[in-house]
Amino acid sequence: QDANPPTGPLNERIVSKQWKWRLSAYEELATLFATEEETSPVWSEYGGIFKSMIGDNNAAAQEKGLDATLVYIDRCPNANKNAATIANLLIDKCLSGRPTNKTKAVQCLIDLVGVDGHEAVEEALIAGFTHKVPKVIASSASTLKRALFEYVVRIIAVKPIISGFPVLFQHRDTEVR
């Protein structure tokens, strides 16, 4: 057991080998994102750390990373610029994991659609139809359906989605079909 509480610079804790240190860094980052102004340099400074947060190997740390990602999407004025990176990571790393992490990942994807990242999210979800894990395929389809219902057709284009249907209909897993 590590008796030392996580301390030190945020940048070092984010990449630490100790999952508890990363978890505390992600919590601090979520708080930082929640309190910063739109013109703060924090958005550009920490805008590229999603690979480590969303792809964290420890599920508890990943959950806190998803919390920070949700706050980032909600508060950052340029969140749509990272939409493609975030959406692809969420689909690859979170849709087949823990139920709480999956729920937060789906919420991140839905929120990305709302901040004008709809094209990137739509492309990533359609690419998720060909994923090798059936859980990810089913989650991609249900997330796309939820996005369609929440944002109707005013944001999401239906034509590219229809082209992805044959892959779903021919899948061997009944949950996907």
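**Exercise 1. Work out what share of the contacts with a separation of 6 or more joins residues 24 or more positions apart, and set it beside the overall make-up of the chain.**

*Solution.* Start with the contacts in the protein chain that have a separation of 6 or more: 61% of them are between residues 24 or more positions apart. Keep in mind that this is a predicted model. Next, the elements: we've got nine helices and zero strands, so reading along the sequence just gives α-α-α-α-α-α-α-α-α. Last, burial: of the 177 residues, 45% are buried.

**Exercise 2. Decide which element has the highest mean pLDDT and which has the lowest.**

*Solution.* Begin with the whole chain, where the mean pLDDT is 85 and 85% of the residues reach 70 or more. Now go element by element: α5 comes out highest with 94, while helix α9 (residues 159-169) sits lowest with 68. A word of caution here: where pLDDT is low, predicted coordinates shouldn't be read in detail.

**Exercise 3. Describe how α5 and α7 pack: what is their crossing angle, and which hand does the crossing have?**

*Solution.* Two packed helices are described by the angle and the distance between their axes, so let's grab both. Helix α5 covers residues 59-75 and helix α7 covers residues 99-128; their axes come within 10 Å and cross at roughly 15°. Angles under 35 degrees count as roughly parallel, and α5 and α7 are therefore roughly parallel to each other. As for the hand, the crossing is left-handed.

Now for the residues that touch. On the α5 side, they include L66, L70 and I73; on the α7 side, A105, L112 and V115 are among them. Sorted by class, the α5 contact with α7 has eight nonpolar, five polar and four charged residues.

**Exercise 4. Classify R22 and N80: is each one buried, partly exposed or exposed?**

*Solution.* Take R22 first, which lies in helix α2 (residues 19-35). Its relative accessible area is 12%, and buried means under 20%, so R22 is buried. Skipping neighbours within four places in sequence, R22 is in contact with R13, I14, S16, K17, D56 and N58.

Then N80, found in the loop between α5 and α6 (83-93). N80 has 30% relative accessibility, so it counts as partly exposed. Skipping neighbours within four places again, N80 is in contact with V115, D116 and G117. One more distance to check: the C-alpha atoms of N80 and G114 are separated by 9.3 Å, with the two residues 34 apart along the chain.

Terms used
Residues numbered from 1 in each chain as written. Predicted model: local features only at pLDDT ≥ 70, side-chain atom pairs only at ≥ 80, totals over all residues. Heavy atoms only, no water. Axes fitted to C-alpha atoms, helices over the stretch in contact; angles between N-to-C directions. Helix = DSSP H or I, 4+ residues; strand = E, 2+ residues; numbered from the N terminus. Parallel < 35°, antiparallel > 145°, perpendicular 65-115°, else oblique. Left-handed = near helix turned anticlockwise from the far one by under 90°. Contact = heavy atoms within 4.5 Å. Nonpolar A, V, L, I, M, F, W, Y, C, P; charged D, E, K, R; others polar. pLDDT = per-residue confidence, 0-100. Buried < 20%, exposed > 50% of the residue type's maximum accessible area, 1.4 Å probe, protein only.
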